[in-house]
Amino acid sequence: MRKKIPSTAALLAFEAAARHESFTRAAEELALTQSAICRQIGALEDFLGVALFRRTRRGVQLTEAGLSYSRQISPRLDAIEHDTLAVMANHGASSLLELAVVPTFATRWLLPRLAGFRERHPDVLVNMHTQTRPFLFDQTEFDAAIYFGDAGWPGTEAHFLMREYPVPVCSPNMAGVRARMSPDEVAELPLLQQTTRPYAWRQWFAAAGVHATNDMGGMRLELFSMLAQAAIERMGAALIPPFLIQQELAAGSLISPCPRSFPSTRAYYLIVPEGKAERPALKSFRAWLGEEAQATKL
């Protein structure tokens, strides 16, 4: 029997009061009276044997112990809420996949296709969370990740999906832009850089046989979606794979005046922890994802 776990009501009252540093605002958030919050936190302090708050003229402040405890408790309550919502959404029956994804690939490529997977596998529910950097699976609840980069994650299987073939794109209304331009002329445009692909323009110019003095210069943005919007706003030319901006190209808000490309040295992979690789839902998703990737026109 677990005897050293305080009541959930006390923890929720403490978490809200710690976040607001106010018993009054915690009471409003939890639809309780201020005296009820005081009683819950008093009971928690008695249980722990330490003071979590100090009372001041202006209200309450966390003690050092209270601040440390709040930092530990808050993510655990979030995890409990996440698991509870997952069970409620899943009704305890269908298979659930928690998938980490790179943002623009997820919104522009994966989501438009995911209905096809649901039709084929209606018992599998896929939840998606954005993640742009490598991580350790044993420190998360993720079942798999779609990642752009290298495949060497320890303790995982990497399933190749596709490479990128980026092309220069810009607004047709940006100064100096024409419908058809040479790589040398593209080098004269202001360039937009992507922080996760810092050498992309240098590689593109090298593949085109052009030495550009400003290939590393220009505004830096993290996501393709941000690059696309900046290019639409005539802030510069961006290197983006066409399959991620089909809507903008079809609408004419972006054009590719020099559709030369080169294959990226890195690629998109489905990364699966070895311990989960044989889960039926994950095997079904992996097979479907591979089919969709092979059918994609890059």
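This talk covers the nonpolar cores, the pockets, one short helix and three single residues of a predicted model.

Good morning, colleagues. I shall begin with the cores. The largest nonpolar core holds 42 residues, and within that core Y268 and F285 touch the most other members. Let me stay with F285 for a moment. Leaving aside residues up to four places away in sequence, F285 is in contact with L97, L99, L114, F117, V126 and L270. The model also has a second core, separate from that one, with 20 residues. Among its members are L11, I37, F53 and V60.

I now turn to a short helix, α2, which spans residues 23–30. Which residues of α2 are buried? They are F23, A26 and A27. Viewed down the axis of α2, these buried residues fall within an arc of 100°, so they line one face of the helix. As for what covers them, the list includes two helices, α1 and α3, the latter comprising residues 34–48. It also includes the strands β1, at 53–56, and β2, at 59–62.

The loops on either side of α2 each contain a residue that I should like to point out. In the loop between α1 and α2 we find E21. The phi angle of E21 is near 50°, a positive value in a residue other than glycine. With a relative accessibility of 38%, E21 counts as partly exposed. In the loop between α2 and α3 we find A31. A31 likewise is not a glycine and has a positive phi, of about 60°. Is A31 buried or exposed? Its relative accessible area is 68%, and the cut-off for an exposed residue is over 50%, so A31 is exposed.

Next, a residue in helix α4, namely S70. S70 has a relative accessible area of 13%. Buried means under 20%, and S70 is therefore buried. Which residues does S70 touch, once those up to four places away in sequence are set aside? The contacts are F14, A18, L62 and P75.

Helix α4 brings us to the pockets. The largest pocket has a volume of about 290 Å³. Its lining is made up of 14 residues, and those nearest the centre are L12, R76, L77, D78 and I80. Two elements give two or more residues to this lining: α1, residues 8–20, and α4, residues 64–90. Of the elements, α4 gives the most, with seven residues. In terms of class, the lining of the largest pocket comprises seven nonpolar, three polar and four charged residues.

The second largest pocket encloses about 230 Å³. Here 17 residues form the lining, and V102, T132, F148, T196 and R197 lie nearest the centre of this pocket. The elements that give two or more residues to the lining of the second largest pocket are α5, at 103–120, and β5, at 144–149. Which element supplies the largest share of this lining? That element is α5, which provides three residues. By class, the lining of the second largest pocket divides into nine nonpolar, four polar and four charged residues.

To close, I return to three points. Y268 and F285 touch the most other members of the largest core. The buried residues of α2 line one face of that helix. Finally, α4 gives the most to the lining of the largest pocket, and S70 lies in that helix. Thank you for your attention.

Conventions:
Residues are numbered from 1 along each chain as its sequence is written. This is a predicted model: local features need pLDDT of at least 70, side-chain atom pairs count only at pLDDT 80 or more; totals for chains, interfaces and linings use all residues. Side-chain values use heavy atoms; hydrogens and water are left out. A nonpolar core is a set of buried Ala, Val, Leu, Ile, Met, Phe, Trp, Tyr and Cys residues joined through side-chain atoms within 4.5 Å. Buried means under 20% relative accessible area, exposed over 50%, partly exposed in between (1.4 Å probe, protein chains only). Contact means heavy atoms within 4.5 Å. On a 1 Å grid over the protein atoms alone, a cavity is a set of points where a 1.4 Å probe fits but cannot get out, and a pocket is an open set with protein on both sides within 12 Å along at least five of seven lines; lining residues have an atom within 4 Å of a point. Grid points are joined across faces, edges and corners, and a volume is the space filled by probe spheres set on the points. Helices (H or I, at least four residues) and strands (E, at least two) are DSSP runs, numbered from the N terminus. Ala, Val, Leu, Ile, Met, Phe, Trp, Tyr, Cys and Pro count as nonpolar, Asp, Glu, Lys and Arg as charged, and the others, Gly among them, as polar. The arc is that of the directions from the helix axis to the C-beta atoms.
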